[in-house]
Amino acid sequence: MTIYEDTNSKPLLDLLDRIHSGDMVLPDFQRDFVWEPSATQALIVSIANNYPAGSILRVRDRQRAFSSREFEGAPAATTDHTFLVLDGQQRLTSLYQAFYGVGDHRYYLDIRALIDGVDFEDAIGYLRRTKAAVAKREALELQAELLLLPLSVLHKGSTGFSKWASQVARTRQGAERDQLEDQLQELEAQWINRIDQYVFPVVTLSADTEPAALCTIFETLNRTGVKLSVFELLTARFWSQDIKLRELWEQARSNHPLIAHFDVDPYYVLMAIALAGGNTPSCKRGDVLNLTASPITQWWQPVIEALALSLTILHDDCWVLESRWLPFNTMLAPMAAALARAGASRGVAVGAQREQIKRWFWCSVFSQAYESSPNTQSGRDVGELIPWLSDSAAPAPENVRSFHFNPEQLRDVTPRQRSLYRATICLILASGERPLDFHSRAVLNDRLLTSSGIDDHHIFPAHYLDQRGDVEPRRRDCVLNRCLIDRETNQRIQFRAPSDYLAELRETEHFPMETVLGSHLIPHGPESGLWTDEFERFQQQRLELIASAISEATGMPYPLDG
(Lines give C-alpha, C1' and ligand atoms only; values in the text may rest on other atoms or scores of the structure.)
Protein backbone atom coordinates (compact mmCIF):
# COMPACT_ATOMS: atom_id res chain seq x y z
CA MET A 1 0.00 0.00 0.00
CA THR A 2 1.41 3.40 -0.96
CA ILE A 3 1.59 6.18 1.60
CA TYR A 4 0.88 8.75 -1.12
CA GLU A 5 -2.64 9.99 -1.68
CA ASP A 6 -1.64 12.18 -4.63
CA THR A 7 1.23 14.27 -6.00
CA ASN A 8 -0.65 16.96 -7.90
CA SER A 9 0.08 20.68 -8.27
CA LYS A 10 -2.18 23.03 -6.33
CA PRO A 11 -2.77 26.75 -6.98
CA LEU A 12 -0.92 28.96 -4.51
CA LEU A 13 -4.00 31.06 -3.80
CA ASP A 14 -6.05 27.95 -3.03
CA LEU A 15 -3.39 26.81 -0.54
CA LEU A 16 -3.44 30.23 1.14
CA ASP A 17 -7.26 30.13 1.26
CA ARG A 18 -7.08 26.77 3.04
CA ILE A 19 -4.71 28.30 5.58
CA HIS A 20 -7.08 31.23 6.11
CA SER A 21 -10.11 28.99 6.55
CA GLY A 22 -8.27 26.69 8.96
CA ASP A 23 -8.52 23.70 6.64
CA MET A 24 -4.72 23.42 6.48
CA VAL A 25 -2.75 23.79 9.71
CA LEU A 26 0.58 22.91 11.28
CA PRO A 27 1.54 20.17 13.71
CA ASP A 28 2.30 21.84 17.02
CA PHE A 29 5.86 20.49 17.02
CA GLN A 30 6.77 22.63 13.99
CA ARG A 31 9.27 25.41 14.72
CA ASP A 32 8.12 29.03 14.75
CA PHE A 33 8.13 31.26 11.68
CA VAL A 34 11.63 32.76 11.35
CA TRP A 35 11.96 34.24 7.85
CA GLU A 36 13.33 37.73 7.34
CA PRO A 37 11.08 40.04 5.23
CA SER A 38 13.77 40.21 2.55
CA ALA A 39 13.45 36.43 2.11
CA THR A 40 9.68 36.81 1.69
CA GLN A 41 10.27 39.54 -0.87
CA ALA A 42 12.64 37.30 -2.82
CA LEU A 43 10.09 34.46 -2.77
CA ILE A 44 7.36 36.74 -4.12
CA VAL A 45 9.71 37.83 -6.92
CA SER A 46 10.29 34.15 -7.81
CA ILE A 47 6.56 33.50 -7.92
CA ALA A 48 5.88 36.56 -10.08
CA ASN A 49 8.53 35.30 -12.51
CA ASN A 50 7.02 31.79 -12.39
CA TYR A 51 10.24 30.29 -11.02
CA PRO A 52 10.12 27.01 -9.07
CA ALA A 53 9.90 27.58 -5.32
CA GLY A 54 10.05 24.04 -4.01
CA SER A 55 7.28 21.63 -3.14
CA ILE A 56 4.85 21.24 -0.26
CA LEU A 57 4.40 18.08 1.81
CA ARG A 58 1.22 17.56 3.78
CA VAL A 59 -0.79 14.70 5.26
CA ARG A 60 -4.54 14.17 5.38
CA ASP A 61 -4.98 14.36 9.14
CA ARG A 62 -7.74 11.88 9.84
CA GLN A 63 -5.97 10.23 12.75
CA ARG A 64 -5.42 13.45 14.77
CA ALA A 65 -2.25 11.89 16.20
CA PHE A 66 -0.65 15.29 16.88
CA SER A 67 -1.90 18.51 18.36
CA SER A 68 -2.13 21.26 15.78
CA ARG A 69 -1.92 25.02 15.52
CA GLU A 70 -2.68 27.68 12.94
CA PHE A 71 -0.10 29.31 10.69
CA GLU A 72 1.29 32.46 12.30
CA GLY A 73 -1.07 35.34 11.55
CA ALA A 74 -3.96 33.12 10.45
CA PRO A 75 -7.26 32.85 12.35
CA ALA A 76 -7.19 30.54 15.34
CA ALA A 77 -7.15 26.86 14.40
CA THR A 78 -10.13 24.64 15.07
CA THR A 79 -10.32 20.86 15.29
CA ASP A 80 -12.13 20.76 11.95
CA HIS A 81 -9.10 20.84 9.65
CA THR A 82 -8.19 18.48 6.82
CA PHE A 83 -4.43 18.74 6.31
CA LEU A 84 -1.26 19.05 8.38
CA VAL A 85 1.69 20.66 6.59
CA LEU A 86 4.97 18.83 7.22
CA ASP A 87 7.23 20.72 4.82
CA GLY A 88 6.75 24.23 3.44
CA GLN A 89 5.75 26.06 6.63
CA GLN A 90 8.18 28.98 6.21
CA ARG A 91 7.27 29.58 2.56
CA LEU A 92 3.53 29.28 3.11
CA THR A 93 3.58 31.44 6.24
CA SER A 94 5.55 34.18 4.53
CA LEU A 95 3.22 34.16 1.51
CA TYR A 96 0.10 34.03 3.65
CA GLN A 97 1.22 37.02 5.69
CA ALA A 98 2.20 38.98 2.58
CA PHE A 99 -0.97 38.28 0.60
CA TYR A 100 -3.38 38.61 3.53
CA GLY A 101 -1.76 41.70 5.08
CA VAL A 102 -0.94 40.21 8.48
CA GLY A 103 2.26 39.69 10.44
CA ASP A 104 5.01 42.21 11.15
CA HIS A 105 5.33 43.65 7.63
CA ARG A 106 3.11 44.94 4.84
CA TYR A 107 4.12 44.44 1.22
CA TYR A 108 3.44 46.83 -1.66
CA LEU A 109 3.83 46.78 -5.42
CA ASP A 110 4.85 50.06 -7.03
CA ILE A 111 2.57 50.07 -10.07
CA ARG A 112 3.98 53.33 -11.39
CA ALA A 113 7.45 51.82 -11.41
CA LEU A 114 6.20 48.76 -13.31
CA ILE A 115 4.51 51.02 -15.86
CA ASP A 116 7.83 52.83 -16.30
CA GLY A 117 9.55 49.51 -17.08
CA VAL A 118 11.25 48.85 -13.73
CA ASP A 119 11.92 45.19 -12.89
CA PHE A 120 9.37 43.50 -10.62
CA GLU A 121 12.19 42.88 -8.15
CA ASP A 122 12.73 46.62 -7.77
CA ALA A 123 9.02 47.46 -7.71
CA ILE A 124 8.12 45.39 -4.65
CA GLY A 125 8.87 46.64 -1.15
CA TYR A 126 7.67 46.37 2.42
CA LEU A 127 7.24 48.37 5.60
CA ARG A 128 7.04 47.33 9.22
CA ARG A 129 3.37 47.43 10.21
CA THR A 130 4.10 49.84 13.09
CA LYS A 131 5.27 52.55 10.67
CA ALA A 132 2.90 55.51 10.38
CA ALA A 133 3.10 55.22 6.59
CA VAL A 134 1.32 51.85 6.74
CA ALA A 135 -1.84 53.35 8.19
CA LYS A 136 -1.78 56.13 5.59
CA ARG A 137 -1.42 53.62 2.77
CA GLU A 138 -4.65 51.88 3.74
CA ALA A 139 -6.57 54.76 2.14
CA LEU A 140 -7.52 54.07 -1.48
CA GLU A 141 -7.03 57.76 -2.27
CA LEU A 142 -3.33 57.55 -1.44
CA GLN A 143 -2.96 54.20 -3.23
CA ALA A 144 -4.51 55.79 -6.33
CA GLU A 145 -2.31 58.89 -6.08
CA LEU A 146 0.92 56.90 -5.69
CA LEU A 147 -0.24 53.94 -7.82
CA LEU A 148 0.76 51.71 -4.92
CA LEU A 149 -0.88 48.29 -4.71
CA PRO A 150 -1.05 46.59 -1.29
CA LEU A 151 -0.15 42.96 -1.94
CA SER A 152 -3.04 41.95 0.31
CA VAL A 153 -5.35 42.86 -2.59
CA LEU A 154 -3.97 39.87 -4.49
CA HIS A 155 -5.13 37.10 -2.17
CA LYS A 156 -8.17 37.11 -4.47
CA GLY A 157 -5.90 37.03 -7.49
CA SER A 158 -6.89 38.76 -10.71
CA THR A 159 -10.37 39.37 -9.35
CA GLY A 160 -9.00 41.42 -6.49
CA PHE A 161 -6.64 43.30 -8.77
CA SER A 162 -9.35 44.08 -11.32
CA LYS A 163 -11.58 45.55 -8.62
CA TRP A 164 -8.71 47.64 -7.23
CA ALA A 165 -7.66 48.76 -10.73
CA SER A 166 -11.22 49.84 -11.53
CA GLN A 167 -11.45 51.91 -8.34
CA VAL A 168 -8.07 53.53 -8.99
CA ALA A 169 -8.87 54.31 -12.63
CA ARG A 170 -12.07 56.07 -11.58
CA THR A 171 -9.95 58.68 -9.79
CA ARG A 172 -8.75 59.86 -13.25
CA GLN A 173 -10.69 61.61 -15.96
CA GLY A 174 -10.92 61.38 -19.74
CA ALA A 175 -7.87 60.27 -21.70
CA GLU A 176 -5.78 59.86 -18.54
CA ARG A 177 -8.29 57.34 -17.22
CA ASP A 178 -8.35 55.42 -20.51
CA GLN A 179 -4.56 55.29 -20.62
CA LEU A 180 -4.30 54.09 -17.01
CA GLU A 181 -6.92 51.38 -17.59
CA ASP A 182 -4.91 50.09 -20.56
CA GLN A 183 -1.69 50.13 -18.55
CA LEU A 184 -3.26 48.27 -15.63
CA GLN A 185 -4.67 45.64 -17.99
CA GLU A 186 -1.20 45.11 -19.46
CA LEU A 187 0.28 44.69 -15.99
CA GLU A 188 -2.46 42.26 -15.06
CA ALA A 189 -1.61 40.11 -18.07
CA GLN A 190 2.16 40.41 -17.49
CA TRP A 191 2.42 39.96 -13.72
CA ILE A 192 -0.84 39.54 -11.81
CA ASN A 193 -2.05 36.55 -13.81
CA ARG A 194 1.24 34.77 -13.08
CA ILE A 195 0.59 35.11 -9.36
CA ASP A 196 -3.05 34.13 -9.81
CA GLN A 197 -2.09 31.00 -11.74
CA TYR A 198 1.04 30.01 -9.81
CA VAL A 199 1.06 26.42 -8.59
CA PHE A 200 3.10 24.51 -6.02
CA PRO A 201 3.81 20.81 -6.46
CA VAL A 202 2.03 19.28 -3.46
CA VAL A 203 2.64 15.79 -2.14
CA THR A 204 -0.24 14.60 0.01
CA LEU A 205 0.33 11.62 2.27
CA SER A 206 -2.47 9.19 2.93
CA ALA A 207 -4.64 9.50 6.04
CA ASP A 208 -3.46 5.98 6.92
CA THR A 209 0.19 7.02 7.29
CA GLU A 210 1.41 5.92 10.72
CA PRO A 211 2.36 8.66 13.24
CA ALA A 212 5.82 7.09 13.65
CA ALA A 213 6.38 7.36 9.91
CA LEU A 214 5.31 11.01 9.97
CA CYS A 215 7.83 11.77 12.72
CA THR A 216 10.59 10.06 10.75
CA ILE A 217 9.66 11.94 7.59
CA PHE A 218 9.64 15.24 9.45
CA GLU A 219 13.01 14.62 11.08
CA THR A 220 14.53 13.62 7.73
CA LEU A 221 13.20 16.76 6.05
CA ASN A 222 14.72 18.95 8.74
CA ARG A 223 18.11 17.30 8.27
CA THR A 224 18.22 17.24 4.49
CA GLY A 225 15.90 19.96 3.26
CA VAL A 226 18.58 21.90 1.33
CA LYS A 227 17.69 23.21 -2.10
CA LEU A 228 20.14 23.41 -4.99
CA SER A 229 21.83 26.81 -4.74
CA VAL A 230 23.10 29.22 -7.38
CA PHE A 231 26.62 28.48 -6.17
CA GLU A 232 26.13 24.78 -6.87
CA LEU A 233 24.68 25.52 -10.31
CA LEU A 234 27.70 27.67 -11.21
CA THR A 235 30.05 25.10 -9.71
CA ALA A 236 28.68 22.59 -12.18
CA ARG A 237 28.80 25.05 -15.08
CA PHE A 238 32.43 26.12 -14.58
CA TRP A 239 33.81 22.65 -13.85
CA SER A 240 34.42 22.01 -17.56
CA GLN A 241 36.30 25.34 -17.77
CA ASP A 242 38.73 24.23 -15.08
CA ILE A 243 37.32 26.61 -12.45
CA LYS A 244 36.73 24.56 -9.33
CA LEU A 245 34.47 26.82 -7.29
CA ARG A 246 34.05 24.31 -4.48
CA GLU A 247 37.80 23.97 -4.03
CA LEU A 248 38.29 27.73 -4.23
CA TRP A 249 35.65 28.22 -1.57
CA GLU A 250 37.09 25.65 0.80
CA GLN A 251 40.51 27.24 0.37
CA ALA A 252 39.05 30.66 1.16
CA ARG A 253 37.46 29.32 4.36
CA SER A 254 40.75 27.72 5.33
CA ASN A 255 42.87 30.80 4.65
CA HIS A 256 40.47 33.25 6.32
CA PRO A 257 39.00 31.82 9.54
CA LEU A 258 36.47 34.63 9.90
CA ILE A 259 34.75 33.49 6.69
CA ALA A 260 34.23 30.11 8.31
CA HIS A 261 33.41 31.65 11.70
CA PHE A 262 30.59 33.72 10.17
CA ASP A 263 29.52 30.74 8.02
CA VAL A 264 29.26 33.07 5.02
CA ASP A 265 27.09 31.83 2.16
CA PRO A 266 29.32 31.56 -0.94
CA TYR A 267 26.49 33.13 -2.92
CA TYR A 268 27.54 36.49 -1.44
CA VAL A 269 30.98 36.06 -3.03
CA LEU A 270 29.35 35.55 -6.42
CA MET A 271 27.16 38.60 -5.80
CA ALA A 272 30.27 40.63 -4.95
CA ILE A 273 31.98 39.45 -8.14
CA ALA A 274 28.95 40.50 -10.19
CA LEU A 275 29.04 43.90 -8.47
CA ALA A 276 32.79 44.36 -8.88
CA GLY A 277 33.07 43.05 -12.44
CA GLY A 278 30.11 44.67 -14.13
CA ASN A 279 30.18 47.97 -15.98
CA THR A 280 27.08 48.92 -14.00
CA PRO A 281 27.15 47.38 -10.50
CA SER A 282 24.27 44.91 -10.18
CA CYS A 283 23.83 41.64 -8.29
CA LYS A 284 20.34 40.44 -9.04
CA ARG A 285 19.89 36.71 -9.33
CA GLY A 286 20.03 36.92 -13.13
CA ASP A 287 23.32 38.85 -12.99
CA VAL A 288 24.87 36.15 -10.84
CA LEU A 289 23.52 33.30 -12.94
CA ASN A 290 24.90 34.98 -16.07
CA LEU A 291 28.45 35.28 -14.73
CA THR A 292 31.09 33.98 -17.12
CA ALA A 293 34.50 32.51 -16.43
CA SER A 294 36.36 35.78 -17.03
CA PRO A 295 35.03 37.82 -14.06
CA ILE A 296 35.26 34.77 -11.81
CA THR A 297 38.94 34.37 -12.67
CA GLN A 298 39.68 38.08 -12.40
CA TRP A 299 37.77 38.94 -9.23
CA TRP A 300 37.61 35.80 -7.08
CA GLN A 301 40.78 36.41 -5.09
CA PRO A 302 40.39 40.22 -4.71
CA VAL A 303 36.81 39.71 -3.53
CA ILE A 304 37.83 36.99 -1.06
CA GLU A 305 40.53 39.26 0.40
CA ALA A 306 38.05 42.13 0.58
CA LEU A 307 35.43 39.89 2.21
CA ALA A 308 37.95 38.85 4.86
CA LEU A 309 38.76 42.53 5.50
CA SER A 310 35.05 43.37 5.70
CA LEU A 311 34.48 40.67 8.30
CA THR A 312 37.53 41.85 10.25
CA ILE A 313 36.14 45.40 10.38
CA LEU A 314 32.72 44.11 11.45
CA HIS A 315 34.19 41.78 14.07
CA ASP A 316 36.95 43.95 15.52
CA ASP A 317 35.58 47.49 15.09
CA CYS A 318 31.80 47.07 15.03
CA TRP A 319 31.66 44.22 17.57
CA VAL A 320 29.60 41.95 15.38
CA LEU A 321 31.10 38.94 17.14
CA GLU A 322 28.97 36.22 15.51
CA SER A 323 26.87 35.81 12.39
CA ARG A 324 23.68 35.87 14.45
CA TRP A 325 24.41 39.49 15.37
CA LEU A 326 24.98 40.71 11.80
CA PRO A 327 22.03 43.03 11.04
CA PHE A 328 21.96 42.34 7.29
CA ASN A 329 23.89 39.47 5.68
CA THR A 330 23.19 41.11 2.32
CA MET A 331 25.59 43.95 3.20
CA LEU A 332 28.58 41.62 2.86
CA ALA A 333 28.44 41.60 -0.95
CA PRO A 334 28.61 45.39 -1.50
CA MET A 335 31.25 45.78 1.23
CA ALA A 336 33.49 43.19 -0.39
CA ALA A 337 32.87 44.46 -3.93
CA ALA A 338 33.58 48.09 -3.05
CA LEU A 339 36.77 47.27 -1.14
CA ALA A 340 37.94 44.98 -3.95
CA ARG A 341 37.34 47.63 -6.60
CA ALA A 342 38.79 50.49 -4.55
CA GLY A 343 41.97 48.49 -4.02
CA ALA A 344 44.21 48.26 -0.98
CA SER A 345 45.18 51.55 0.62
CA ARG A 346 48.59 52.36 2.06
CA GLY A 347 49.86 54.25 5.08
CA VAL A 348 47.37 56.36 7.01
CA ALA A 349 44.84 55.90 4.20
CA VAL A 350 44.27 52.34 5.45
CA GLY A 351 42.78 53.64 8.70
CA ALA A 352 40.79 56.33 6.90
CA GLN A 353 39.25 53.75 4.57
CA ARG A 354 38.37 51.55 7.52
CA GLU A 355 36.63 54.47 9.24
CA GLN A 356 34.66 55.15 6.06
CA ILE A 357 33.42 51.56 5.91
CA LYS A 358 32.42 51.68 9.57
CA ARG A 359 30.50 54.91 9.10
CA TRP A 360 28.73 53.57 6.01
CA PHE A 361 27.86 50.37 7.90
CA TRP A 362 26.31 52.15 10.88
CA CYS A 363 24.43 54.65 8.72
CA SER A 364 23.08 51.84 6.54
CA VAL A 365 21.90 49.60 9.37
CA PHE A 366 20.22 52.32 11.41
CA SER A 367 18.55 53.86 8.35
CA GLN A 368 17.40 50.31 7.43
CA ALA A 369 18.72 50.82 3.90
CA TYR A 370 18.92 47.03 3.38
CA GLU A 371 15.51 46.26 4.83
CA SER A 372 13.96 46.35 1.35
CA SER A 373 15.32 45.64 -2.16
CA PRO A 374 18.83 44.79 -0.93
CA ASN A 375 20.12 43.88 -4.38
CA THR A 376 19.16 47.26 -5.80
CA GLN A 377 20.64 48.98 -2.74
CA SER A 378 23.86 47.00 -3.18
CA GLY A 379 24.32 48.19 -6.75
CA ARG A 380 23.67 51.79 -5.76
CA ASP A 381 26.05 51.64 -2.78
CA VAL A 382 28.92 50.04 -4.70
CA GLY A 383 28.69 52.76 -7.33
CA GLU A 384 28.95 55.41 -4.59
CA LEU A 385 31.40 53.63 -2.28
CA ILE A 386 34.14 53.02 -4.84
CA PRO A 387 34.94 56.70 -5.56
CA TRP A 388 34.52 57.61 -1.87
CA LEU A 389 36.91 54.89 -0.69
CA SER A 390 39.38 55.83 -3.42
CA ASP A 391 39.23 59.56 -2.61
CA SER A 392 37.85 60.75 0.72
CA ALA A 393 37.14 64.14 -0.88
CA ALA A 394 34.53 62.51 -3.13
CA PRO A 395 30.86 62.69 -2.06
CA ALA A 396 29.88 60.16 0.59
CA PRO A 397 27.23 57.55 -0.31
CA GLU A 398 23.62 58.67 -0.06
CA ASN A 399 23.11 56.47 3.04
CA VAL A 400 25.74 58.58 4.80
CA ARG A 401 24.91 62.02 3.37
CA SER A 402 21.18 61.85 4.11
CA PHE A 403 21.27 59.77 7.29
CA HIS A 404 18.62 60.49 9.88
CA PHE A 405 17.29 58.38 12.72
CA ASN A 406 14.68 59.00 15.38
CA PRO A 407 15.97 57.42 18.62
CA GLU A 408 12.39 57.11 19.89
CA GLN A 409 12.13 54.11 17.55
CA LEU A 410 14.28 52.19 20.01
CA ARG A 411 11.35 52.01 22.43
CA ASP A 412 9.61 49.67 19.98
CA VAL A 413 12.63 47.60 18.92
CA THR A 414 12.41 44.04 20.26
CA PRO A 415 14.16 40.83 19.13
CA ARG A 416 11.43 40.49 16.49
CA GLN A 417 12.81 43.61 14.75
CA ARG A 418 15.96 41.64 14.08
CA SER A 419 18.10 44.05 12.11
CA LEU A 420 17.66 47.15 14.30
CA TYR A 421 17.84 45.04 17.43
CA ARG A 422 21.10 43.40 16.38
CA ALA A 423 22.56 46.71 15.23
CA THR A 424 21.79 48.32 18.59
CA ILE A 425 23.30 45.49 20.62
CA CYS A 426 26.48 45.59 18.52
CA LEU A 427 26.71 49.38 18.74
CA ILE A 428 26.40 49.19 22.54
CA LEU A 429 29.40 46.85 22.61
CA ALA A 430 31.38 49.00 20.17
CA SER A 431 30.73 52.32 21.90
CA GLY A 432 32.51 51.87 25.22
CA GLU A 433 36.21 51.41 25.78
CA ARG A 434 35.70 47.64 25.90
CA PRO A 435 32.58 45.67 26.94
CA LEU A 436 33.12 43.48 30.01
CA ASP A 437 31.48 40.27 31.13
CA PHE A 438 29.40 40.74 34.30
CA HIS A 439 30.68 37.55 35.87
CA SER A 440 34.37 37.22 34.93
CA ARG A 441 34.88 40.93 34.12
CA ALA A 442 36.85 39.76 31.09
CA VAL A 443 36.53 41.58 27.79
CA LEU A 444 33.75 39.98 25.78
CA ASN A 445 34.83 37.89 22.79
CA ASP A 446 33.49 35.02 20.69
CA ARG A 447 34.94 32.37 23.00
CA LEU A 448 33.29 33.90 26.08
CA LEU A 449 29.95 34.14 24.28
CA THR A 450 29.98 30.39 23.90
CA SER A 451 31.77 29.19 27.03
CA SER A 452 29.88 31.41 29.49
CA GLY A 453 26.47 31.18 27.85
CA ILE A 454 26.41 34.92 27.25
CA ASP A 455 23.24 36.08 25.54
CA ASP A 456 20.95 39.10 25.42
CA HIS A 457 18.92 39.33 28.62
CA HIS A 458 16.78 41.85 30.48
CA ILE A 459 18.28 44.53 32.74
CA PHE A 460 14.97 45.00 34.55
CA PRO A 461 14.36 41.22 34.78
CA ALA A 462 11.29 39.93 32.95
CA HIS A 463 10.08 37.90 35.95
CA TYR A 464 10.39 40.93 38.21
CA LEU A 465 8.44 43.14 35.79
CA ASP A 466 5.79 40.46 35.32
CA GLN A 467 5.31 40.38 39.09
CA ARG A 468 4.96 44.17 39.14
CA GLY A 469 2.45 44.02 36.32
CA ASP A 470 2.83 47.65 35.26
CA VAL A 471 4.98 47.19 32.14
CA GLU A 472 3.58 45.60 28.99
CA PRO A 473 5.68 42.78 27.43
CA ARG A 474 6.57 44.82 24.34
CA ARG A 475 8.12 47.56 26.48
CA ARG A 476 9.73 45.01 28.77
CA ASP A 477 11.43 43.25 25.85
CA CYS A 478 12.62 46.34 23.96
CA VAL A 479 16.32 46.76 23.26
CA LEU A 480 16.63 49.58 25.82
CA ASN A 481 16.12 46.94 28.50
CA ARG A 482 18.55 44.39 27.04
CA CYS A 483 22.28 43.70 27.14
CA LEU A 484 24.63 40.73 26.91
CA ILE A 485 24.76 38.95 30.26
CA ASP A 486 26.33 35.62 31.16
CA ARG A 487 24.13 32.70 32.18
CA GLU A 488 25.17 32.65 35.85
CA THR A 489 24.57 36.36 36.42
CA ASN A 490 21.21 36.22 34.65
CA GLN A 491 20.05 33.34 36.83
CA ARG A 492 21.13 35.21 39.94
CA ILE A 493 19.17 38.38 39.13
CA GLN A 494 16.15 37.10 37.23
CA PHE A 495 13.57 37.55 40.04
CA ARG A 496 15.09 40.64 41.67
CA ALA A 497 14.61 44.38 41.44
CA PRO A 498 17.56 46.25 39.89
CA SER A 499 18.12 48.20 43.12
CA ASP A 500 18.47 44.89 44.95
CA TYR A 501 20.95 43.14 42.68
CA LEU A 502 22.94 46.32 42.04
CA ALA A 503 23.41 46.81 45.78
CA GLU A 504 24.84 43.30 45.93
CA LEU A 505 27.20 44.04 43.02
CA ARG A 506 28.32 47.27 44.66
CA GLU A 507 29.19 45.44 47.84
CA THR A 508 31.14 42.72 45.99
CA GLU A 509 34.82 43.18 46.73
CA HIS A 510 36.86 44.58 43.84
CA PHE A 511 33.85 44.61 41.48
CA PRO A 512 34.28 47.61 39.11
CA MET A 513 30.55 48.22 38.83
CA GLU A 514 30.67 51.57 37.09
CA THR A 515 33.18 50.26 34.55
CA VAL A 516 31.17 47.11 33.79
CA LEU A 517 27.80 48.87 33.53
CA GLY A 518 29.26 51.75 31.58
CA SER A 519 30.77 49.35 29.07
CA HIS A 520 27.20 48.32 28.16
CA LEU A 521 25.86 51.91 28.05
CA ILE A 522 23.82 51.27 31.21
CA PRO A 523 23.16 54.41 33.27
CA HIS A 524 24.71 53.74 36.67
CA GLY A 525 25.16 57.08 38.47
CA PRO A 526 23.16 58.08 41.56
CA GLU A 527 20.45 59.56 39.32
CA SER A 528 19.96 56.28 37.42
CA GLY A 529 16.45 54.82 37.44
CA LEU A 530 18.04 51.47 38.27
CA TRP A 531 18.62 52.54 41.88
CA THR A 532 14.97 53.48 42.36
CA ASP A 533 13.49 50.75 40.14
CA GLU A 534 11.92 53.40 37.90
CA PHE A 535 11.56 51.62 34.58
CA GLU A 536 10.45 54.60 32.47
CA ARG A 537 13.21 56.83 33.85
CA PHE A 538 15.82 54.17 33.18
CA GLN A 539 14.59 53.69 29.61
CA GLN A 540 14.80 57.40 28.88
CA GLN A 541 18.31 57.61 30.32
CA ARG A 542 19.54 54.64 28.32
CA LEU A 543 17.86 55.89 25.16
CA GLU A 544 19.88 59.11 25.47
CA LEU A 545 23.14 57.17 25.92
CA ILE A 546 22.47 54.96 22.91
CA ALA A 547 21.30 57.91 20.79
CA SER A 548 24.57 59.68 21.56
CA ALA A 549 26.49 56.55 20.52
CA ILE A 550 24.55 56.35 17.24
CA SER A 551 25.38 59.99 16.61
CA GLU A 552 29.08 59.39 17.15
CA ALA A 553 29.18 56.24 15.00
CA THR A 554 27.31 57.80 12.08
CA GLY A 555 29.00 61.19 12.26
CA MET A 556 25.67 62.95 12.61
CA PRO A 557 25.21 65.75 15.20
CA TYR A 558 23.46 64.95 18.47
CA PRO A 559 20.56 65.04 19.07
CA LEU A 560 19.78 63.06 15.96
CA ASP A 561 17.27 64.32 13.42
CA GLY A 562 13.89 62.85 14.34
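Trainee: Which residues meet in a salt bridge at 3.5 Å, N to O?

Mentor: Those are Glu176 and Arg172, whose side chains meet in a salt bridge with 3.5 Å from N to O. Keep in mind as we go that this is a predicted model. The general idea is simple: side chains of opposite charge can pair when their charged atoms come close.

Trainee: Is this pair buried or exposed, and how do I read that?

Mentor: Look at the relative accessible area of each partner. Arg172 has 12%, and because buried means under 20%, Arg172 counts as buried. Glu176, at 46% relative accessibility, is partly exposed.

Trainee: How many salt bridges are there in the whole structure?

Mentor: A search of the whole structure finds 34. One of them joins the side chains of Glu5 and Arg60, at 2.7 Å from N to O. This pair links distant parts of the chain: Glu5 belongs to strand E1 (residues 4-6) and Arg60 to strand E4 (residues 56-60), with their positions 55 residues apart in the numbering. Both ends are partly exposed, Glu5 with 34% relative accessibility and Arg60 with 31%.

Trainee: What about a pair of neighbours, such as Arg476 and Asp477?

Mentor: There the closest N and O atoms are 2.9 Å apart, and the two residues form a salt bridge. Arg476 is buried at 14% relative accessible area, and Asp477 is buried too, at 18%. The story does not end with two residues, though: Asp456, Asp466, Arg476, Asp477 and Arg482 are linked in a network of salt bridges.

Trainee: Let's turn to empty space. How many cavities of 30 Å³ or more are found?

Mentor: The search of the whole structure gives two. When you read a cavity, ask for its volume, then its lining, then the chemistry of that lining. The largest cavity has a volume of about 70 Å³. Its lining includes Phe438, Ile459, Tyr501 and Leu530. Helix H25 (487-493) and helix H26 (498-507) are the elements that give two or more residues to this lining, and H26 has the largest share, with three residues.

Trainee: And which classes of residue line the largest cavity?

Mentor: By class, its lining has 10 nonpolar residues, one polar and no charged ones.

Trainee: How does the second largest cavity read?

Mentor: About 60 Å³ of space lies in it. It is lined by 13 residues, and the closest to its centre are Arg60, Asp61, Gln63, Thr209 and Leu214. You have met Arg60 already, as the salt-bridge partner of Glu5. Strand E4 and helix H10 (211-224) each supply at least two lining residues. The classes here are seven nonpolar, two polar and four charged.

Trainee: Can I read a pocket with those steps, say the second largest one?

Mentor: Yes, start with the volume, which is about 1,200 Å³. Its lining has 44 residues, and Leu127, Arg128, Lys131, Gln368 and Gln409 lie nearest its centre. Several elements supply at least two residues each, among them strand E7 (105-110), helix H6 (132-136) and helix H19 (374-390). Strand E8 gives the most, with five residues. By class, the lining has 15 nonpolar, 15 polar and 14 charged residues.

Trainee: Now a helix. How do I check the span of H21?

Mentor: Compare an expected span with the one in the model. At 1.5 Å a residue, the 14 residues of helix H21 (residues 418-431) should span 20 Å, and the end C-alpha atoms are indeed 20 Å apart, so the two agree.

Trainee: How many residues of H21 are buried?

Mentor: H21 is mostly covered, with 11 of its 14 residues buried. The buried ones include Ser419, Arg422, Cys426 and Leu429. As background, an α-helix has 3.6 residues a turn, so residues three or four places apart point the same way.

Trainee: One last residue: where is Asn279, and is it buried or exposed?

Mentor: Asn279 sits in the loop between helix H14 (267-277) and helix H15 (285-289). With a relative accessible area of 84%, Asn279 is exposed. It is also worth comparing sequence with space here: Asn279 and Gly383 are 104 residues apart in sequence, and their C-alpha atoms are 10.0 Å apart.

Key. Residues are numbered from 1 along each chain as its sequence is written. This is a predicted model: local features need pLDDT of at least 70, side-chain atom pairs count only at pLDDT 80 or more; totals for chains, interfaces and linings use all residues. Side-chain values use heavy atoms; hydrogens and water are left out. Helices (H or I, at least four residues) and strands (E, at least two) are DSSP runs, numbered from the N terminus. Buried means under 20% relative accessible area, exposed over 50%, partly exposed in between (1.4 Å probe, protein chains only). A salt bridge is a side-chain nitrogen of Lys or Arg within 4 Å of a carboxyl oxygen of Asp or Glu. On a 1 Å grid over the protein atoms alone, a cavity is a set of points where a 1.4 Å probe fits but cannot get out, and a pocket is an open set with protein on both sides within 12 Å along at least five of seven lines; lining residues have an atom within 4 Å of a point. Grid points are joined across faces, edges and corners, and a volume is the space filled by probe spheres set on the points. Ala, Val, Leu, Ile, Met, Phe, Trp, Tyr, Cys and Pro count as nonpolar, Asp, Glu, Lys and Arg as charged, and the others, Gly among them, as polar. The expected span of a helix is 1.5 Å times one less than its number of residues.
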